[in-house]
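The exercises below are to be worked with the sequence and the coordinates side by side. Each task is followed by a solution that goes step by step.

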Amino acid sequence: MPTTELVLGGAMMAALCLYAVFGGADFGGGVWDLFASGPRKAEQRALIEKAIGPIWEANHVWLILAVVLLFSSFPTAFAAISIALHVPLTLFLIGVVFRGSAFTFRAYDDRNDGRQQRWGLLFSLASIASPILLGVIAGTIASGEIHVESGVVTSGYFAPWLRPFPLFVGLFALALYAYLAAVFLAAEADAAGSAELTSDFRRRALIAGAVVGVVALFTFALSFSGAPLIRAGLTGRPWTWPLHVATATAAMTAFSALWKRKFGVARLAVVAQTSLILVGWAASQYPYLLVPSHTLFNSAANPRTQQLLIIALAAGSALLFPSLYVLYRIFKGNKPFRILDRRRE
Amino acid sequence: MDHLTYARAQMGFSLAFHMLFAAVGVALPLFMVIADVLYRRTGDRDWLEFSKRMAKGTAILFAVGAVSGTVLSFEMGLLWPNFMGTFGDVIGLPFAMEGFAFFTEAIFLGIYLYGRGRIPSGFHLAAGIGVAVSGAASAFFVTLVNAAMNLPAGFTMENGHPINIDPIAAMFSPPWKHETLHALLACYQATAFALAGIHAAVLLRHPKSSLFRKAFAVSLAVASITAVLQPISGDHSAHSIAETEPLKLAAAEAHFKTQTHAPLRIGGIPDMKTGEVHYGLEIPSGLSLLAAHDPAAEVKGLNDFPREDWPPVASTHYAFEVMVGAGSAMALLGVVAAFLAWRKKGVPDGRLFLWAVVASGPLGFIALEAGWLVTELGRQPWIMHGVMRTRDAVTPFPHLLPPFWTFTVLYLFLGVAVVYLLFRQLRAAPMEAGPPSLGGPDAHH
């Protein structure tokens, strides 16, 4: 039996994975909204809006769920992270506010005037800034640069995150989200039978996929000095190697499926790749929640609360996943989770 | 302003802002569901149009509510890390449940807003009901957290840390019943009064519009019912608070000296030095009646408590007066509306009455905000009553001025944008019943 700490940590990680895959793709949609170009500029933006509109709010709640799990299951870790990363967290929140409200305001504002463009620009810029900041926050947590002595943060409010490694994790998150979004959009354009839009987003996906690879290499190189414990976890633990092999396989499958225009496979593979990257991060950092002061175990809530939280999670999931399935079934085709989408005749 | 004041101001402003959108997110879905049901029953397209308008409003306001709620969940830690670090697992359970309720609300809202015409209408209605129910559930759960802060239960303190935690007892701390009832009613009441006010204003200019007459009738009905029920719930609250949070009641009433036959003060300026209240109207034995339903009952005054534990008396008292004043005016309007409707056997639409409804449009939200101020200010100087003071919970992060001003300006900007957009939505559609209106997701299909 896994311990309750492990179950709650795992649930939090699962929520973060789902946020990265679904919420991440919504941020990526904002990136492609900014870079919409060529003769089908308007059609690209319309596809992005159609893809994100019904689902972004639900996708966004994964983040809230992860935060709630963090502060109810591991309260002291939440407190330390909130103190040390006050600045990037606040900036990220500003990004979240602008992204969500600008997207909605654009949908309901006048269709034909400059205001549309201004809301769109705000939506795009926030969609670019937020993932970078999210990556910076994750990178700093992993870096081991936040020092807490007897409950007091001693490493300052700027120095730990204004460093190359967190910045590159931020860029990596941005590239990955843009890649996810491009693959999803290519698959949706393909399912809708629009060959031209499909190749627009296929081209963008291939470029973004290559960028993801390059940034990943840089980030890994920086981790030697920037996050020694993560680097050691990535390479030194025997059980992380199968994860890396699986991640690499998913990445190559995604890329080659894109190349061969098998968008259903590409979509599934890129989801697997993203999830495996996050799981790999978690496995390397285990058992730390905030390196090097807080672990799953030394910051855990009292046992009774943990048990009840697990019960609440189980009951909540029984409500949540069927509803989510319905949402996706309505807006993402008849069988959204089938490996290969049915092609329109 | 000092460090603590900046933190409190940022939290207060964020909550005050979020609350408006959260309340609307709870209540507007009720109106869209009512309109949908009436459309199914009657086939009258006015109801369909009304439902679509409510849905558009919900979409805009829910988005702002969702993002400002995200900000709040982080601000709990950004501003009050010691509170969250110490009591995160005591109050975590209702927060987790609120998270799930909010999640299902977001999912069903997506289905409802974008699914009209794409999914069977019965299923569409079910999604709308899902939105309304999960919205109410999330308001219920988050109010439980507030109750737990007002009167902590389910643990004992040892060396500044909670031990022997019983999370269920903590979740249902004594004030939970009256707080959740009062807060939920307030959401429907505030939204209904705002809707009734808006539609009364439109009716004054376009008295013939059948769409707006129907919209006005539904909003006025909900407004009147909640306005009459809320004072009863408020009396129940006052009665419970007198027993469990006597200091809060004393501050709200600016009641300094413990006495029997305690008078109820209306208005008045409390003098903190002398413990007297100037220029107020006093109803003999009123407070004793309110607190204990007995004119001779003794009501504890502020002077019985250590000065360092006093809430800010004047601001708590003024907030209370504003809430009760607005609530009474709304209850009066509710009774008048019921009387006029009974006499006319129809929706009252005299110009004078319509003007009164327009004037009372903002009262619901004013009362909602004032009531929240009473419960929050009345708990000070504690963040968790009796166990942690607000000043001990605040973050050590030293630069709180920039985030305070950033969020203040950001929210003011969003507020202006939302009002503008809603105004546009109101004007976008034809004044007589007609084809589906322009703009928004509904227009794509």
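**Exercise 1. Describe the contact between the two chains.**

Task: establish how many residues of chain A are in contact with chain B, and which elements of chain A supply them.

Solution. The model is a predicted one, and the starting point is the count across the interface, where 53 residues of chain A are in contact with 57 residues of chain B. The next step is to assign the chain A side to elements: those that give two or more residues are α3 (56-73), α4 (75-84), α5 (86-108) and α12 (303-331) of chain A. Of these, α12(A) provides the largest share, 14 residues. The last step is to sort this side of chain A by residue class, which yields 35 nonpolar, 14 polar and four charged residues.

**Exercise 2. Assess the overall form of chain A.**

Task: decide how the radius of gyration of chain A relates to that of a compact globule with 345 residues.

Solution. Begin with the inventory of secondary structure, which for chain A comes to 12 helices and four strands. The C-alpha trace spans about 60 × 40 × 40 Å along the principal axes of chain A. Because a compact globule with 345 residues would have a radius of gyration near 20 Å, the 20 Å of chain A agrees with that expectation. Two further values complete the description: buried residues make up 57% of the chain, and, among contacts in chain A with a separation of 6 or more, 77% join residues 24 or more positions apart.

**Exercise 3. Locate the centre of the largest nonpolar core.**

Task: find which residues of the largest nonpolar core touch the most other members, and follow one of them outwards.

Solution. The core holds 281 residues, and A:Y179, A:A182, A:V183 and A:L185 touch the most other members. Its largest share, 22 residues, comes from helix α7 (residues 164-191) of chain A. Taking A:L185 and leaving aside neighbours within four places in sequence, one finds contacts with A:W32, A:L47, A:I48, A:A51 and A:F201.

**Exercise 4. Compare two helices of chain B with their expected spans.**

Task: determine how far α1 and α10 of chain B reach, and what follows each helix.

Solution. Helix α1 (residues 3-42) of chain B has 40 residues and reaches 59 Å from its first C-alpha to its last, close to the 58 Å expected. Along the way α1(B) bends by about 25° at B:G25, with the proline B:P29 following within four residues. After α1(B) comes B:G43, whose phi is positive, near 70°. Helix α10 (residues 313-344) of chain B has 32 residues and reaches 46 Å, close to the 46 Å expected; the residue after α10(B) is B:K345, with a positive phi near 55°.

Note on methods: Residues are numbered from 1 along each chain as its sequence is written. Chains are lettered from A and ligands numbered from 1 in the order in which they are written. This is a predicted model: local features need pLDDT of at least 70, side-chain atom pairs count only at pLDDT 80 or more; totals for chains, interfaces and linings use all residues. A nonpolar core is a set of buried Ala, Val, Leu, Ile, Met, Phe, Trp, Tyr and Cys residues joined through C-beta atoms within 7 Å. A residue is buried if 20 or more other C-beta atoms lie within 10 Å of its own, exposed if 12 or fewer, and partly exposed in between; C-beta atoms are placed from the backbone. Two residues are in contact if their C-beta atoms, placed from the backbone, lie within 7 Å. The expected span of a helix is 1.5 Å times one less than its number of residues. Ala, Val, Leu, Ile, Met, Phe, Trp, Tyr, Cys and Pro count as nonpolar, Asp, Glu, Lys and Arg as charged, and the others, Gly among them, as polar. The radius of gyration is taken over C-alpha atoms; the globule rule is 2.2 Å times the number of residues to the power 0.38. The bend at a residue is the angle between axes fitted to the seven residues ending there and the seven starting there.
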